[in-house]
Amino acid sequence: MSKYSCESFEKLEEKVKTYISDFEDLKLIETSYKYAYDKHFGSKRLTGEDYITHPLSVAYILTGINADASTLVGALLHDTIEYGNADPEEIKKIFGEDILSLVLGITKINRLNFSGDSESVINNQRKILVGLSEDVRVIIIKLADRLHNMKTLFVLNEKKQKETAKETLDILTPIAHRLGMNSIKTELEELSLRYLKPDEYYDIVERLNATKAERDASVAKMIESVSDLLNKHDIKHEIKGRSKSIYSIYKKLDKGKRFSDIYDLLALRVFVNTEPECYQALGIIHSKFKPKPNRFKDYIAMPKTNMYQSLHTTVFGVDGQLYEIQIRTYEMDKVAENGIASHWSYKEHGSNKAAIQSDMEQKLQFFKSIMELKQNEDNPEEFVKSVKEELLKNTIYVFTPKGDVIELPNGATPIDFAYKVHTKVGDQTTGALVNSAMVPLDHELKDNDVVKIITSSSSTGPKREWLKFVKTNQAKTKIKNFFSKASLDENIKKGEELLTKELKRQKITFNEFEENLDKTLTNLKLGSLNEIYSNLGSGKINLENVIDAAFKPEKDKEEKMMEKVQKLGTKEADKDHIISVAGFDDIKVNLASCCNPIPGDRIIGYITKGSGISVHRMICPNVAKLNERLIDVTWNENKEKFLTTIVVYASVGNDVLVPIISKAASNDIGIRNVVNNKNADGQAVELGVIVKNKEELFKFINNIKNITGVKEVERLIK
Ligand code: MN
């Protein structure tokens, strides 16, 4: 047997005979091996091994959970149809209908292409789940098949490795967990982690190795001590030191725990013969070693949903170190490691698909739930989603633009993602793109999303509102850390001091300031004096902002806003590619300044002498004079912005300019060349506006029409 494969049938047979003795069964297993050998003869695996080593290894893995004969036969034959060109009719003739349906079930799942788009991923997962609810042996073989493929995953390229690992963690290990197949689950998880996050994986391995000798010594001492104790009370037992799985350590570290805090690193398992002895052993251990409060769990009286049974306790053991102790019978251990497979001993009911399946449904709530969800299935997406959310685990996998996988809990947002990437990224997040589309920061991420975080180094840091929607504790903690760096109280105190000093310096009394408080709060968009202080204290606003907000006349606000809207849309459109001219590929085009056409306007071109085509609005009176040299032009799709001119007629005495500018600012519309003509009858404000198209312009015009005092708005043609 090589490191990762079973190379001979003799090896497999030897293992099978340790728990299967029925002559017919052994004969069938051998026949299926010979059949598979024949079908795969001449084929090689990517590892260079003969193909037959793969089905042999899959069957060998399954002997580890004492799988019955028909499951082993299924394992040996599992690739014969797809990769060995076996004829299903022939399989049926030799091995019977039950085995054929098993092999067909695996073939169906094998054909799934997991690297496809999200729709096909969903469909694949649906097939796995349906397969599971139809014949659990299909999934058990699939798990072993995947385990052997993961063991030889090094032959594939990195992209394929990561995809396989992700898919394994996504659906197969949760199923293994639900089926209680701990040994296979643990191996799959570790291999997946190794390929998905090699840095984290090897970091844990190294840290474990660094402390291994020390831990082994402590555990050995504790084992001796507990063993003496149980011997004194005549309880027959065995005790084994137990190493925590790397994946479970990874999960705890990922939740923010420190390596040194994972105290169940020191762990042992006590095996006894009977259930009463479990409780006796527990009592005896507790009488000598004080238990840590709230760490005792009785999974014997209350088994887990996957049938797992054990007593769990954590005690202060030798040298005052914490030890996690599990106490169970040998029978419970079999269930804990092999799960569902340990329950369908073929002797009980024969290798009959229906019998096994109904046994399964009786014993595992999981199956009933899948059946129920399947019955209520509206569409495959919903079904897979509910199974994963309600029955499997609450985890999604999303990608960075570079393709790195980030694991997040269900319902996580771009902010969770950002903090997972790096604290600094989280702190400076200003926006997020999911699958290239801009989303709000509380957007719920979905499995397989590609997330790009937009950061700004000028960002003032995280927002308190984020705490209301982030899902991960990691993000919550980091946001809170940011704020607690300067606690609210301190900021208020500091802000008050700063303002008092500044008022004194400018010879303004506090009363004078307080008289303008309402105005100040409105201008600063704050709710109370304390908020002014705390924002001052934390540096979110400065003294100049506060004094300006309190004492500067309104006009300055208008000026500031004007500055802002004048900066909007400053980029000049490159006119040549935004207009198509009938019959010309490459010709200079300009938009006429008399009528300033924008996309959406009906337009016409005019051939000028020497400076290309001048484009006018169809209704431009200047065009009528030029009809001989007119030519058809059309708008191309583009993302440019365009300048056009509007006139706003308003009654005298209403200041309409400030609200217009503020509406422009909030709609991201640039403003140029403002001319305000006033006379006794009213005022006409002429403004150049920079917009994307006619639709945006008309929305803006409608907005303006709602402003008090505005009578009419029209586009200007000079
Ligand atoms: Mn296979």
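This is a short talk on a predicted model of one protein chain with a manganese ion.

I will start with the whole chain. The protein chain has 718 residues, and 48% of them count as buried. Its secondary structure comes to 32 helices and 20 strands. The accessible surface is about 36,200 Å², and carbon and sulfur atoms make up 49% of that. Now take the contacts between residues with a separation of 6 or more. Of these, 67% are between residues 24 or more positions apart. Keep that figure in mind for the pairs that come later.

Next, the metal. Which residues hold the protein donors of the manganese ion? They are H54 and H78, each through NE2, and D79 and D145, each through OD. These donors lie 2.2 to 2.6 Å from the ion. Written as a spacing along the sequence, the donor residues read H-x23-H-D-x65-D. Take H78 and D145 as one example of what that spacing does. H78 sits in the loop between helix 4 and helix 5, while D145 belongs to helix 9, and the two are 67 residues apart. Buried or exposed, these two? Both H78 and D145 are buried.

Now the salt bridges. The structure holds 23 of them. I will go through three.

The first is K39 with E90, where the closest N and O atoms are 3.5 Å apart. K39 is in helix 2 and E90 is in helix 6, so this salt bridge ties together parts that are 51 residues apart in sequence. K39 is partly exposed, with a relative accessible area of 25%. E90 is also partly exposed, at 31%.

The second is E324 with R242, with 2.3 Å between the closest N and O atoms. This pair links distant parts of the chain as well: E324 lies in strand 5 and R242 in strand 1, 82 residues apart. E324 has a relative accessibility of 8%, so it counts as buried, the limit being under 20%. R242, at 14%, counts as buried too.

The third is a local one. K159 and E163 form a salt bridge, and the closest N and O atoms are 3.1 Å apart. Both residues are in helix 10, 4 residues apart, which is about one turn of the helix. K159 is exposed at 59%, whereas E163 is partly exposed at 23%. K160 comes in here as well: salt bridges with shared partners join K159, K160 and E163 into one network.

Just before helix 10 there is something on the surface to look at. V155 is in the loop between helix 9 and helix 10. Together with L46 and F154, V155 makes a nonpolar surface patch of about 290 Å². V155 is partly exposed, with a relative accessible area of 33%. A residue needs over 30% to be part of a patch, so V155 passes that cut-off.

Now the aromatic rings. How many aromatic pairs are there? The count is 11. One of them is Y247 with Y250, a tilted pair with 5.8 Å from centre to centre and 40° between the planes. Y247 and Y250 are 3 residues apart in helix 13, so about one helical turn separates them. Both Y247 and Y250 are buried.

Compare that with F271 and Y330. Their rings are stacked, at 5.7 Å centre to centre and with 15° between the planes. This pair links distant parts of the chain, with F271 in strand 2 and Y330 in helix 15, 59 residues apart. F271 is buried, at 4% relative accessible area, but Y330 is partly exposed, at 36%. There is also a cluster, in which ring pairs link F9, Y33, Y37 and F41.

Last, two backbone angles. D234 has a phi near 60°, a positive value in a residue that is not glycine. K507 is not a glycine either, and its phi is positive at about 55°. Where do they sit? D234 is in the loop between helix 12 and strand 1, and K507 is in the loop between helix 24 and helix 25. D234 is exposed, with a relative accessible area of 69%. K507 is exposed as well, at 73%.

To close, go back to the manganese ion and find H54, H78, D79 and D145 around it. Then look for E324 and R242, which link strand 5 to strand 1. That is the end of the talk.

Terms used:
Residues numbered from 1 in each chain as written. Predicted model: local features only at pLDDT ≥ 70, side-chain atom pairs only at ≥ 80, totals over all residues. Heavy atoms only, no water. Buried < 20%, exposed > 50% of the residue type's maximum accessible area, 1.4 Å probe, protein only. Contact = heavy atoms within 4.5 Å. Areas by Shrake-Rupley, 256 points an atom, 1.4 Å probe, with all protein chains shown as cover. Salt bridge = Lys/Arg side-chain N within 4 Å of Asp/Glu carboxyl O. Patch = residues over 30% accessible without salt bridge, like charges linked within 9 Å, V, L, I, M, F, W, Y side chains within 5 Å. Donors = N, O, S within 2.8 Å, 3.2 Å for Na, K, Ca; no water. Phe/Tyr/Trp six-rings, centres within 6.5 Å; stacked < 30°, edge-to-face > 60°.
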